[in-house]
Amino acid sequence: MRKVTRRALLKSSVAGLAALQVPSTTARNDPTAAMRKGRVHQSVCQWCYPHIPLEELSEYAAKIGLRGVDLLQPDAYEIPRRYGLVCTMGYAGGGEIGKALNRVENHAAIEQAFRVNIPRAAKAGVPNVITFSGNRGGITDEEGARNTVAGLNRIKKIAEDHGVQICLELLNSKRDHHDYMCDHTAWGVNVVQEVNSPKVKLLYDIYHMQIMEGDLIETIRRNIQWIGHFHTGGVPGRHELNGTQEVQWDAVMRAIAETAFGGYVAHEFVPAGDPLDSLRKAADLCDV
(Lines give C-alpha, C1' and ligand atoms only; values in the text may rest on other atoms or scores of the structure.)
Protein backbone atom coordinates (compact mmCIF):
# COMPACT_ATOMS: atom_id res chain seq x y z
CA MET A 1 0.00 0.00 0.00
CA ARG A 2 1.34 3.40 -0.96
CA LYS A 3 2.26 5.42 2.09
CA VAL A 4 -0.03 8.39 2.62
CA THR A 5 1.31 11.33 4.60
CA ARG A 6 -0.18 14.56 5.86
CA ARG A 7 2.57 16.50 4.08
CA ALA A 8 1.72 14.93 0.71
CA LEU A 9 -1.97 15.70 1.04
CA LEU A 10 -1.33 19.30 2.06
CA LYS A 11 0.51 19.88 -1.21
CA SER A 12 -2.82 19.57 -2.96
CA SER A 13 -4.71 22.86 -3.03
CA VAL A 14 -7.95 20.95 -2.64
CA ALA A 15 -6.89 18.71 0.24
CA GLY A 16 -9.72 18.48 2.74
CA LEU A 17 -12.14 20.44 0.56
CA ALA A 18 -12.55 18.29 -2.54
CA ALA A 19 -15.67 16.40 -3.46
CA LEU A 20 -17.85 17.70 -0.66
CA GLN A 21 -21.27 16.07 -0.62
CA VAL A 22 -24.21 16.93 1.57
CA PRO A 23 -25.73 13.79 3.13
CA SER A 24 -29.48 13.44 3.18
CA THR A 25 -29.61 13.39 6.99
CA THR A 26 -27.41 14.59 9.80
CA ALA A 27 -26.28 12.66 12.86
CA ARG A 28 -26.86 15.52 15.28
CA ASN A 29 -30.28 14.25 16.40
CA ASP A 30 -29.75 10.60 15.48
CA PRO A 31 -30.94 8.42 18.39
CA THR A 32 -28.44 5.74 17.32
CA ALA A 33 -25.48 8.06 17.95
CA ALA A 34 -22.96 6.38 20.23
CA MET A 35 -22.97 7.40 23.85
CA ARG A 36 -19.44 7.91 25.13
CA LYS A 37 -18.16 8.03 28.68
CA GLY A 38 -16.77 11.52 28.06
CA ARG A 39 -13.49 11.07 29.95
CA VAL A 40 -11.54 11.34 26.68
CA HIS A 41 -12.79 13.86 24.12
CA GLN A 42 -12.10 12.15 20.80
CA SER A 43 -11.73 13.64 17.34
CA VAL A 44 -10.51 12.49 13.93
CA CYS A 45 -7.93 13.93 11.53
CA GLN A 46 -9.52 14.54 8.15
CA TRP A 47 -6.36 14.04 6.06
CA CYS A 48 -6.30 10.31 6.93
CA TYR A 49 -9.54 9.82 4.94
CA PRO A 50 -8.76 11.39 1.54
CA HIS A 51 -11.50 9.45 -0.27
CA ILE A 52 -14.28 10.31 2.17
CA PRO A 53 -15.91 13.73 1.75
CA LEU A 54 -15.63 15.93 4.83
CA GLU A 55 -19.42 16.14 5.17
CA GLU A 56 -19.67 12.34 5.24
CA LEU A 57 -16.77 11.97 7.68
CA SER A 58 -18.30 14.58 9.99
CA GLU A 59 -21.67 12.86 9.94
CA TYR A 60 -20.10 9.50 10.78
CA ALA A 61 -17.88 10.99 13.49
CA ALA A 62 -20.93 12.45 15.19
CA LYS A 63 -22.78 9.16 14.88
CA ILE A 64 -20.06 7.22 16.71
CA GLY A 65 -19.75 9.79 19.47
CA LEU A 66 -16.67 11.79 18.47
CA ARG A 67 -16.45 15.49 19.33
CA GLY A 68 -14.85 16.95 16.21
CA VAL A 69 -12.70 16.82 13.10
CA ASP A 70 -9.03 17.79 13.22
CA LEU A 71 -6.62 19.61 10.90
CA LEU A 72 -8.95 21.59 8.66
CA GLN A 73 -8.10 24.62 6.56
CA PRO A 74 -9.91 27.89 7.38
CA ASP A 75 -12.43 27.51 4.58
CA ALA A 76 -13.60 24.24 6.17
CA TYR A 77 -13.71 25.35 9.81
CA GLU A 78 -17.49 25.62 9.85
CA ILE A 79 -18.37 22.31 8.18
CA PRO A 80 -18.25 20.05 11.28
CA ARG A 81 -20.64 22.41 13.08
CA ARG A 82 -23.42 21.22 10.78
CA TYR A 83 -23.20 17.92 12.62
CA GLY A 84 -22.86 19.22 16.16
CA LEU A 85 -19.05 18.93 16.07
CA VAL A 86 -16.18 21.40 16.01
CA CYS A 87 -12.95 21.66 14.10
CA THR A 88 -10.74 20.63 17.02
CA MET A 89 -7.44 21.76 15.42
CA GLY A 90 -7.16 24.14 12.53
CA TYR A 91 -4.49 25.12 10.09
CA ALA A 92 -4.04 28.88 10.28
CA GLY A 93 -0.80 29.63 8.45
CA GLY A 94 1.52 28.53 11.24
CA GLY A 95 4.31 27.60 8.86
CA GLU A 96 5.26 24.25 7.40
CA ILE A 97 6.72 21.19 9.09
CA GLY A 98 10.17 21.94 7.70
CA LYS A 99 9.98 25.73 7.69
CA ALA A 100 8.52 27.54 10.67
CA LEU A 101 9.29 29.18 14.00
CA ASN A 102 12.90 28.17 14.60
CA ARG A 103 14.06 30.70 11.99
CA VAL A 104 13.42 34.38 12.57
CA GLU A 105 12.86 35.08 8.89
CA ASN A 106 9.62 33.05 9.04
CA HIS A 107 8.06 34.95 11.94
CA ALA A 108 6.49 37.83 10.03
CA ALA A 109 4.57 35.56 7.65
CA ILE A 110 3.29 33.39 10.50
CA GLU A 111 2.21 36.45 12.48
CA GLN A 112 0.41 37.90 9.47
CA ALA A 113 -1.43 34.64 8.83
CA PHE A 114 -2.43 34.25 12.47
CA ARG A 115 -3.77 37.81 12.58
CA VAL A 116 -6.17 36.81 9.81
CA ASN A 117 -6.98 33.21 10.72
CA ILE A 118 -7.07 33.11 14.51
CA PRO A 119 -10.08 35.47 14.56
CA ARG A 120 -11.68 33.17 11.97
CA ALA A 121 -10.96 30.20 14.21
CA ALA A 122 -12.48 31.95 17.22
CA LYS A 123 -15.62 32.80 15.27
CA ALA A 124 -16.01 29.16 14.19
CA GLY A 125 -15.41 27.81 17.69
CA VAL A 126 -12.06 26.25 16.76
CA PRO A 127 -10.15 25.84 20.04
CA ASN A 128 -6.68 25.14 18.62
CA VAL A 129 -4.43 26.09 15.71
CA ILE A 130 -1.24 24.29 14.78
CA THR A 131 2.32 25.44 14.31
CA PHE A 132 5.74 23.82 13.94
CA SER A 133 9.36 24.32 14.86
CA GLY A 134 10.76 23.66 11.40
CA ASN A 135 13.84 21.61 10.54
CA ARG A 136 17.24 22.19 12.09
CA GLY A 137 18.94 22.95 8.78
CA GLY A 138 22.31 23.33 10.47
CA ILE A 139 21.31 25.50 13.45
CA THR A 140 21.69 24.22 17.00
CA ASP A 141 18.78 23.18 19.15
CA GLU A 142 19.63 26.04 21.53
CA GLU A 143 19.45 28.67 18.79
CA GLY A 144 16.30 27.11 17.39
CA ALA A 145 14.69 27.18 20.82
CA ARG A 146 15.52 30.87 21.29
CA ASN A 147 14.05 31.67 17.88
CA THR A 148 10.94 29.59 18.51
CA VAL A 149 10.36 31.29 21.86
CA ALA A 150 10.76 34.69 20.18
CA GLY A 151 8.29 33.73 17.47
CA LEU A 152 5.71 32.43 19.93
CA ASN A 153 6.09 35.52 22.10
CA ARG A 154 5.37 37.58 19.00
CA ILE A 155 2.06 35.80 18.32
CA LYS A 156 0.82 34.67 21.73
CA LYS A 157 -1.24 37.80 22.41
CA ILE A 158 -3.26 37.16 19.24
CA ALA A 159 -4.21 33.78 20.66
CA GLU A 160 -4.85 35.12 24.14
CA ASP A 161 -7.04 37.95 22.86
CA HIS A 162 -9.24 35.54 20.87
CA GLY A 163 -9.29 32.57 23.24
CA VAL A 164 -7.63 30.22 20.75
CA GLN A 165 -4.74 27.96 21.71
CA ILE A 166 -1.58 27.69 19.60
CA CYS A 167 -0.16 24.16 19.62
CA LEU A 168 3.47 23.46 18.70
CA GLU A 169 3.65 19.94 17.31
CA LEU A 170 6.08 17.26 18.45
CA LEU A 171 7.15 15.04 15.53
CA ASN A 172 9.68 12.26 15.12
CA SER A 173 12.90 12.99 13.25
CA LYS A 174 13.95 9.34 13.22
CA ARG A 175 11.62 8.02 10.55
CA ASP A 176 9.05 10.46 9.12
CA HIS A 177 10.39 14.01 9.44
CA HIS A 178 14.15 13.87 9.30
CA ASP A 179 15.90 16.88 10.86
CA TYR A 180 12.72 18.23 12.49
CA MET A 181 13.74 20.17 15.59
CA CYS A 182 10.81 19.78 18.01
CA ASP A 183 11.38 16.04 18.21
CA HIS A 184 11.62 15.49 21.98
CA THR A 185 9.16 16.39 24.71
CA ALA A 186 11.84 18.09 26.82
CA TRP A 187 12.73 20.52 24.02
CA GLY A 188 9.09 21.42 23.44
CA VAL A 189 8.33 21.79 27.14
CA ASN A 190 11.32 24.08 27.63
CA VAL A 191 10.04 26.30 24.81
CA VAL A 192 6.44 26.61 26.01
CA GLN A 193 7.56 27.08 29.62
CA GLU A 194 9.69 30.01 28.51
CA VAL A 195 6.79 31.51 26.55
CA ASN A 196 4.57 31.02 29.62
CA SER A 197 1.19 31.66 28.04
CA PRO A 198 -2.03 29.80 28.83
CA LYS A 199 -2.68 29.79 25.08
CA VAL A 200 0.62 28.28 23.90
CA LYS A 201 1.04 24.55 24.46
CA LEU A 202 2.28 21.37 22.80
CA LEU A 203 0.56 19.01 20.43
CA TYR A 204 1.76 15.68 21.85
CA ASP A 205 1.63 13.16 19.01
CA ILE A 206 1.70 9.75 20.67
CA TYR A 207 2.81 7.99 17.48
CA HIS A 208 5.78 10.28 17.02
CA MET A 209 6.85 10.29 20.66
CA GLN A 210 6.66 6.51 20.95
CA ILE A 211 9.16 6.35 18.07
CA MET A 212 11.46 9.00 19.55
CA GLU A 213 11.44 8.29 23.27
CA GLY A 214 8.73 5.95 24.53
CA ASP A 215 7.89 6.26 28.25
CA LEU A 216 4.55 7.67 27.16
CA ILE A 217 2.45 7.48 30.31
CA GLU A 218 5.02 8.93 32.69
CA THR A 219 5.97 11.67 30.20
CA ILE A 220 2.32 12.65 29.76
CA ARG A 221 1.70 12.71 33.51
CA ARG A 222 4.75 14.86 34.22
CA ASN A 223 4.06 17.36 31.45
CA ILE A 224 0.28 17.49 31.10
CA GLN A 225 0.12 21.18 32.04
CA TRP A 226 2.15 21.97 28.90
CA ILE A 227 0.14 19.72 26.57
CA GLY A 228 -2.86 21.15 24.74
CA HIS A 229 -3.78 18.39 22.30
CA PHE A 230 -3.01 14.76 21.44
CA HIS A 231 -2.76 12.72 18.23
CA THR A 232 -2.88 8.94 17.93
CA GLY A 233 -1.39 6.55 15.38
CA GLY A 234 -0.36 2.90 15.57
CA VAL A 235 3.33 2.07 15.97
CA PRO A 236 4.77 0.75 13.71
CA GLY A 237 3.25 1.93 10.45
CA ARG A 238 0.78 4.59 11.62
CA HIS A 239 -2.15 2.29 11.03
CA GLU A 240 -5.04 1.07 13.20
CA LEU A 241 -4.93 1.09 16.98
CA ASN A 242 -5.11 -2.65 17.51
CA GLY A 243 -3.22 -5.74 18.62
CA THR A 244 -0.59 -5.40 15.91
CA GLN A 245 0.71 -2.22 17.54
CA GLU A 246 3.20 -1.76 20.38
CA VAL A 247 1.27 0.94 22.25
CA GLN A 248 -1.30 -0.16 24.83
CA TRP A 249 -3.83 2.46 23.86
CA ASP A 250 -6.41 1.92 26.58
CA ALA A 251 -3.72 2.35 29.26
CA VAL A 252 -2.45 5.57 27.66
CA MET A 253 -6.01 6.91 27.42
CA ARG A 254 -6.68 6.08 31.06
CA ALA A 255 -3.52 7.97 32.02
CA ILE A 256 -4.70 11.00 30.03
CA ALA A 257 -8.18 10.82 31.56
CA GLU A 258 -6.77 10.58 35.08
CA THR A 259 -5.02 13.93 34.64
CA ALA A 260 -8.43 15.57 34.04
CA PHE A 261 -7.16 16.77 30.65
CA GLY A 262 -9.94 18.81 29.08
CA GLY A 263 -8.72 19.00 25.48
CA TYR A 264 -8.99 16.63 22.55
CA VAL A 265 -7.40 13.36 21.46
CA ALA A 266 -7.56 13.20 17.66
CA HIS A 267 -7.10 9.95 15.77
CA GLU A 268 -4.40 10.40 13.15
CA PHE A 269 -3.87 6.87 11.88
CA VAL A 270 -4.04 5.85 8.22
CA PRO A 271 -6.50 2.95 7.96
CA ALA A 272 -5.20 -0.19 6.30
CA GLY A 273 -8.65 -1.80 6.37
CA ASP A 274 -12.18 -0.48 6.17
CA PRO A 275 -11.68 3.17 7.18
CA LEU A 276 -14.93 3.86 9.00
CA ASP A 277 -14.96 0.53 10.80
CA SER A 278 -11.36 1.17 11.88
CA LEU A 279 -12.32 4.60 13.21
CA ARG A 280 -15.21 3.19 15.21
CA LYS A 281 -13.01 0.49 16.73
CA ALA A 282 -10.40 3.10 17.70
CA ALA A 283 -13.10 5.23 19.31
CA ASP A 284 -14.32 2.20 21.26
CA LEU A 285 -10.79 1.29 22.41
CA CYS A 286 -10.04 4.80 23.62
CA ASP A 287 -13.36 5.30 25.40
CA VAL A 288 -12.02 4.42 28.83
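Helices (H or I, at least four residues) and strands (E, at least two) are DSSP runs, numbered from the N terminus. With that in hand, you can find your way around this predicted model. Take the exercises in order and keep the structure in view.

**Exercise 1. Find strand β2 and work out which strands pair with it, and in which sense.**

Step 1. Start with residues 68–72, which form β2.

Step 2. Look at β1, residues 41–45: β1 and β2 run parallel and are joined by 3 bridges. One pair to look for is cysteine 45, whose bridge partner in β2 is aspartate 70.

Step 3. Now turn to β3, residues 86–90. This strand pairs with β2 in the parallel sense too, over 4 bridges. Here you can check glycine 68, whose bridge partner in β3 is valine 86.

Step 4. Put the pieces together: β2 pairs with β1 and also with β3.

**Exercise 2. Decide what handedness the β-α-β unit made by β1, α2 and β2 has.**

Step 1. Trace the chain from β1 through helix α2, residues 54–63, to β2.

Step 2. Recall the rule: with the strands pointing away from the viewer, a path that runs clockwise from the first strand over the helix to the second is right-handed.

Step 3. The unit made by β1, α2 and β2 is right-handed.

**Exercise 3. Is β2 mostly covered or mostly open, and which residue in it is not a glycine yet has a positive phi?**

Step 1. Count the buried residues in β2: 5 of its 5 residues are buried, and the strand is mostly covered.

Step 2. Check the backbone angles. Leucine 71 has a positive phi of about 65°, although this residue is not a glycine. Its place is in strand β2.

Step 3. Compare its relative accessible area with the cut-off: leucine 71 has 4%, and buried means under 20%. Leucine 71 is therefore buried.

Step 4. For a second case, go to aspartate 215, in the loop between α6 (206–212) and α7. Its phi is near 50°, again a positive value in a residue other than glycine. Aspartate 215 has a relative accessible area of 52%, and exposed means over 50%, so aspartate 215 is exposed.

**Exercise 4. How many salt bridges does the structure hold, and what does each of three examples link?**

Step 1. Begin with the general idea: side chains of opposite charge can pair when their charged atoms come close. The structure holds 18 salt bridges.

Step 2. In one of them, arginine 36 meets aspartate 284, at 2.9 Å from N to O. Arginine 36 sits in the loop between α1 (6–10) and β1, while aspartate 284 is in helix α9 (residues 275–285); the pair links distant parts of the chain, 248 residues apart. Both partners count as partly exposed, arginine 36 at 22% and aspartate 284 at 36% relative accessibility.

Step 3. Next, arginine 82 pairs with glutamate 55, with their closest N and O atoms 2.1 Å apart. Arginine 82 is in the loop between β2 and β3 and glutamate 55 is in α2, so this pair ties together parts 27 residues apart in sequence. Arginine 82 is partly exposed at 44%, whereas glutamate 55 is buried at 2%.

Step 4. The third example joins glutamate 258 and arginine 221, at 3.7 Å from N to O. Glutamate 258 lies in helix α8 (residues 249–258) and arginine 221 in helix α7 (residues 216–223), so parts 37 residues apart in sequence are tied together. Glutamate 258 is exposed at 52%, and arginine 221 is partly exposed at 44%.

Step 5. Some salt bridges share partners: one network joins Arg36, Asp277, Arg280, Lys281, Asp284 and Asp287.

**Exercise 5. Describe how helices α7 and α8 are arranged.**

Step 1. Compare the axes: they come within 10 Å and cross at roughly 15°.

Step 2. Apply the cut-off: angles under 35 degrees count as roughly parallel. The two helices, α7 and α8, are therefore roughly parallel to each other.

Step 3. Add the handedness: α7 passes α8 in a right-handed crossing.

**Exercise 6. Which peptide bond, from valine 235, is cis, and where is its proline?**

Step 1. Read omega: the bond from valine 235 to proline 236 has omega near 5° and is cis.

Step 2. Place the proline: proline 236 is in the loop between β7 (227–232) and α8.

Terms used: Residues numbered from 1 in each chain as written. Predicted model: local features only at pLDDT ≥ 70, side-chain atom pairs only at ≥ 80, totals over all residues. Heavy atoms only, no water. Buried < 20%, exposed > 50% of the residue type's maximum accessible area, 1.4 Å probe, protein only. Pairing = 2+ DSSP bridges. Salt bridge = Lys/Arg side-chain N within 4 Å of Asp/Glu carboxyl O. Axes fitted to C-alpha atoms, helices over the stretch in contact; angles between N-to-C directions. Parallel < 35°, antiparallel > 145°, perpendicular 65-115°, else oblique. Left-handed = near helix turned anticlockwise from the far one by under 90°.
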